[in-house]
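User: Hey, got a minute to walk through this model with me? I'll throw short questions at you as I scroll around.

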Amino acid sequence: MPHSAHEATEHTAKLRTLPSVDRVLAEPALTDMLDRLSRSDVTEAVRRAISGARDALIADRAAPTDSAELARIAAQSLRSLVRPSLRPVINATGVVIHTNLGRAPVSEATELAMARAASGYSNLEYDLDSGTRGTRAGHLESLLCAVSGAQAGIAVNNNAAALYFALNAFCAGREVIVSRGQAVEIGGGFRIPDVLRQSGARLVEVGTTNRTAAQDYADAVSEDTAAILRVHSSNFRIVGFTEEPSLAELRRVADEADALLIDDLGSGCLLDTRHFGLSYEPRPQDSVAAGADLVLFSGDKLLGGPQAGLIVGRSETVDPLRHHPLMRALRLDKSAIAGLAATLHHYVVGEAVETVPVWRMIAADVDELDARARAWRDALGAGEIEPAESPIGGGSLPAETRPTRVLGLAHPHPTEAARLLRQHEPPVIARVEHGRLLLDPRTVLPGEDGCVIEALRDVIGAPP
Ligand SMILES: *Cc1c(COP(=O)(O)O)cnc(C)c1O
């Protein structure tokens, strides 16, 4: 609404000063775009910028009428056409499994397998012996069984899909018993009670937020009980006066109730985290050994592979899923299958710690990180080496960190400096803490150190 008649005339009067399309096209801000894109695409963007300004002025809102400014607006709207929106970034936050930054970076062998599967034909659903139709699931099954000790295994799009699938296939219209402490939100709005409802299963909550006993589950069993679901609390920890029955105890209750025992582990951690100075993270092979019928986990958390949801367990419970109509909707694409097979292979041959990037990062020791942080500081001629902690992150090992050394940089405007680092090519993502920029070498991939130094030089500048 106009504040006064005077302001209204001022905005509408500006309408006449809007430049022509040709004048905006002649601005230097668009020269680069005209070189790289068709004239009609750039002209269209200029028209949109001018008409956006016109609409604003008519609605009595302030808008640019300057041709250089309109050219900048048009150029901005064309950026995604000349540069992909999804781009590699350098993770200097130290958060190993950073969901916003794409979770696990994969091994070289995995990357190659994924690129190969994508760029050529493959025997995705083709039996090379018989020359007839084969199965997509066959490429992963023996690997999944080898790493987990399960009788059978399949892969779907992600762990959220795996959970939905298991509940829909076996529990729709029936009851699923879940501890109150586990009816939680995993992150990104993914809430266990909502998934249960969507799957058609009825949630029966037992126990309390901090304590649930095996007897609580047993007391809740009814004719309608289809499953007991255990959900690993991946992104939070309840400490103090707590109790949770073991899987073995839950197995006994499930047997009594003739119900399935489903274990949603989340992170898919196949190695013993205690060897890395971390607390114990439950492993799929332990859940299989404890008698869970279905064990569910992600491919791109501590497994360190591409996005996937893995379902392993007894043949009796896994096999019906293969032929379930939802399998087609939730299935993995060929690149993910190829990548997952390559990643699982690292575990099967016992080379995961050396080759799977998330484990290499977790295993990196302080001396190694200290040397890298020092090299950054020496190249930059600024900053200080400080002790800090790298969080594991990504819904794995809540509150767990590994000691690290970071390069700390004092800056009068640290938030602005962090923004400039993000604008760099490639973008560098740093932490800002106590008014300083912190860069953690743990999550900076080998070969990226030079880029980090270059970005820091541009943004911080070399000291005099
Ligand atoms: C992360 C997580 C999920 C969701 O897995 P996505 O692979 O992200 O779909 C489900 N359950 C648990 C316990 C998790 O930690």
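User: At what angle do the axes of α4 and α5 cross?

Analyst: Roughly 125 degrees, and the two axes come within 9 Å. That makes α4 oblique to α5, because only angles under 35, over 145 or from 65 to 115 degrees get another label. Keep in mind that this is a predicted model.

User: OK. Is that crossing left-handed or right-handed?

Analyst: Right-handed, as α4 passes α5.

User: And what sits in the loop between α4 and α5?

Analyst: D60 has its place there, with α4 covering 39–58 and α5 covering 67–82. The backbone of D60 has a positive phi of about 65 degrees, although D60 is not a glycine.

User: Good to know. Switching to the ligand: how many residues surround it?

Analyst: The shell has 13 residues, and the closest are A160, S234, D264, S298 and K301.

User: What's the mix of nonpolar, polar and charged in that shell?

Analyst: Three are nonpolar, seven are polar and three are charged.

User: Which elements supply at least two residues of the shell?

Analyst: α8, spanning 159–171, and β10, spanning 260–266, each do that.

User: How far is A160 from the ligand, going by polar atoms?

Analyst: A polar backbone atom of A160 is 2.8 Å from an oxygen atom of the ligand. For N159, there is again a polar backbone atom, this one 3.0 Å from a ligand oxygen. With N158 it's the side chain: an N or O atom there is 3.4 Å from an oxygen of the ligand.

User: So how much of the ligand does the protein bury?

Analyst: 93% of the 380 Å² that the ligand exposes when taken alone.

User: Now the helices further along. How do α19 and α20 cross?

Analyst: Their axes come within 10 Å and cross at roughly 130 degrees. Here α19 is residues 414–423 and α20 is residues 449–460. At that angle, α19 and α20 are therefore oblique to each other. As for handedness, α19 passes α20 in a right-handed crossing.

User: Which peptide bond is cis around there?

Analyst: The one from E425 to P426, with omega near -5 degrees. P426 is in the loop between α19 and β15, the strand at 428–429.

User: Last pair: what angle do α7 and α15 pack at?

Analyst: About 30 degrees, with the axes 10 Å apart. For your view, α7 is residues 138–148 and α15 is residues 334–348.

User: Why do they count as roughly parallel?

Analyst: Because angles under 35 degrees count as roughly parallel, and theirs is about 30. So α7 and α15 are roughly parallel to each other.

User: And is that one left-handed or right-handed?

Analyst: The crossing of α7 and α15 is left-handed.

Definitions and conventions. Residues are numbered from 1 along each chain as its sequence is written. This is a predicted model: local features need pLDDT of at least 70, side-chain atom pairs count only at pLDDT 80 or more; totals for chains, interfaces and linings use all residues. Side-chain values use heavy atoms; hydrogens and water are left out. A residue is near a molecule or strand if one of its heavy atoms lies within 4 Å of it. A polar contact is a pair of N or O atoms within 3.5 Å; within protein, one must be able to donate a hydrogen and the other to accept it, and residues adjacent in sequence count only if both atoms are side-chain atoms. Accessible areas come from the Shrake-Rupley method with a 1.4 Å probe; for residues, only the protein chains shown count as cover. Helices (H or I, at least four residues) and strands (E, at least two) are DSSP runs, numbered from the N terminus. Ala, Val, Leu, Ile, Met, Phe, Trp, Tyr, Cys and Pro count as nonpolar, Asp, Glu, Lys and Arg as charged, and the others, Gly among them, as polar. Axes are lines fitted to C-alpha atoms, for helices over the stretch in contact, and angles run from 0 to 180 degrees between N-to-C directions. A crossing is left-handed if the near helix is turned anticlockwise from the far one by less than a right angle, and right-handed if clockwise.
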